Amino acid sequence: RKTGESAKESEAPKVAVAPDLSEEVRRHFNLALFYQEEKNFPLARRAYEKVVQMWPLYAEAHNNLGVVYKELGLYDKAVTELKKALALNSRYPRAYHNLGVIYQIKGDWTQAIRNYELALSLDHNHLSTYNNLGLVYRSQKRPHEAREVLEKALAINSAFAQTHYNLALVLEEIVELDRARFHLQKFVDLSGEENQTLVEKVRAHLQ
C-alpha cells in the first residue's frame, strides 16, 4: 500500500464466486480475480466482461469490473459498472466506496462525500473510506472535519502510517504543530521500508 497524501484505493473482494453459479462463470471470475491481483488489468477486464455477459445479475463482478476500469482510466465506464452493482445490491459498502474513489479522482467532491458517507453508514469501521473522506475534506479546505474523520480512522487502526501522515498535514494547517510533529514521527516509525523518499523528507522536516 502506498503511503502519502493520496488514498484513492478501490476495494474488490478476494473471494471465489458463490457455488450456485455455473462452473464456467466461476472459472472466469476466479481468473479475473487472479489477473486483478497481479495487476494485469487488460486481461482482468476481459475476464470480468465475460462474467457479466454470462451472469449480468452478479453484483461483485460489476463492482470488480468497475475497479478494473478505474485502474485503466476509464472512469465513466467504472461509474456505470459500480452503479449496476448498487442497483443489484443497495447495501454494498465496497461499491459505494469505489464510487467515491472515482468521484474523488474526478474532483466531484459532493458526490465523493455522498458515496463515502453511504459506505460508512453500512460499514462503520471502513478504514479506507475514513481516510479518503478526510482527504476530500482537506481538499475542500474543511480541516476540522478532515481531522475528525482521520482520527476515527486511527481509532480503527492506529498502526496505519498513511493516516498519521494525512492527519499531520491537517494539523499543520490549523497550527497544532506539536500534534502534527507527533503524527509525523508516528508515520516515520510505522512506514518500515515503504516509501523511503517521503520518509526521508519527513525526517528532514522534523529536524
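**Notes on how the helices pack**

1. Let's start with one pair: helix 8 crosses helix 9 in a left-handed way. Keep in mind that this is a predicted model. Helix 8 covers residues 143–156 and helix 9 covers residues 161–173; their axes sit 9 Å apart, at an angle of about 155°. Angles over 145 degrees count as roughly antiparallel, so helix 8 is roughly antiparallel to helix 9.

2. Which residues make the contact between these two? From helix 8 come Pro 143, Ala 146, Arg 147, Leu 150, Glu 151, Ala 153 and Leu 154. They meet Thr 163, His 164, Asn 166, Leu 167, Val 170, Leu 171 and Glu 173 of helix 9. Sorted by type, the residues of this contact are eight nonpolar, three polar and three charged. If you wonder about the spacing of the numbers, here is a handy rule: an α-helix has 3.6 residues a turn, so residues three or four places apart point the same way.

3. Now helix 8 by itself. With 14 residues at 1.5 Å a residue, helix 8 should span 20 Å, and its end C-alpha atoms are indeed 20 Å apart, so the two values agree. Its buried residues are Pro 143, Ala 146, Arg 147, Val 149, Leu 150, Ala 153 and Leu 154. What covers them includes helix 7 (127–139), helix 9 and helix 10 (177–191).

4. Is helix 9 mostly covered or mostly open? Mostly covered: eleven of its 13 residues are buried. Those buried residues include Ala 161, Tyr 165, Leu 167 and Leu 169, and the buried set packs against helix 7, helix 8, helix 10 and helix 11 (196–206). For length, the 13 residues of helix 9 should span 18 Å at 1.5 Å a residue; the end C-alpha atoms are 19 Å apart, which agrees. One detail to look up in the viewer: just after helix 9, Val 175 takes a positive phi of about 60°.

5. Go back towards the start of the chain for another pair. Helix 1 (23–37) and helix 2 (residues 41–54) pack with axes 8 Å apart, at an angle of about 155°. That makes helix 1 roughly antiparallel to helix 2, and their crossing is left-handed. On the helix 1 side the contact uses Glu 24, Val 25, His 28, Phe 29, Ala 32, Leu 33, Tyr 35 and Gln 36. Helix 2 brings Phe 41, Leu 43, Ala 44, Ala 47, Tyr 48, Lys 50, Val 51 and Met 54. The split here is twelve nonpolar, two polar and two charged.

6. How do helix 3 and helix 5 lie relative to each other? The axes of helix 3 (residues 59–71) and helix 5 (residues 93–106) come within 10 Å and cross at roughly 20°, which makes helix 3 roughly parallel to helix 5. Helix 3 passes helix 5 in a left-handed crossing. Glu 60, Asn 63, Val 67 and Lys 70 of helix 3 touch a set in helix 5 that includes Arg 94, Asn 98, Val 101 and Ile 105. By type, this contact has five nonpolar, two polar and three charged residues.

7. A last stop is Ser 22, in the segment before helix 1. Is Ser 22 buried or partly exposed? Its relative accessibility is 34%, so Ser 22 counts as partly exposed. Ser 22 and Leu 127 are 105 residues apart along the chain, and their C-alpha atoms are separated by 34 Å.

Note on methods:
Residues are numbered from 1 along each chain as its sequence is written. This is a predicted model: local features need pLDDT of at least 70, side-chain atom pairs count only at pLDDT 80 or more; totals for chains, interfaces and linings use all residues. Side-chain values use heavy atoms; hydrogens and water are left out. Axes are lines fitted to C-alpha atoms, for helices over the stretch in contact, and angles run from 0 to 180 degrees between N-to-C directions. Helices (H or I, at least four residues) and strands (E, at least two) are DSSP runs, numbered from the N terminus. Angles under 35 degrees count as roughly parallel, over 145 as roughly antiparallel, 65 to 115 as roughly perpendicular and the rest as oblique. A crossing is left-handed if the near helix is turned anticlockwise from the far one by less than a right angle, and right-handed if clockwise. Contact means heavy atoms within 4.5 Å. Ala, Val, Leu, Ile, Met, Phe, Trp, Tyr, Cys and Pro count as nonpolar, Asp, Glu, Lys and Arg as charged, and the others, Gly among them, as polar. The expected span of a helix is 1.5 Å times one less than its number of residues. Buried means under 20% relative accessible area, exposed over 50%, partly exposed in between (1.4 Å probe, protein chains only).
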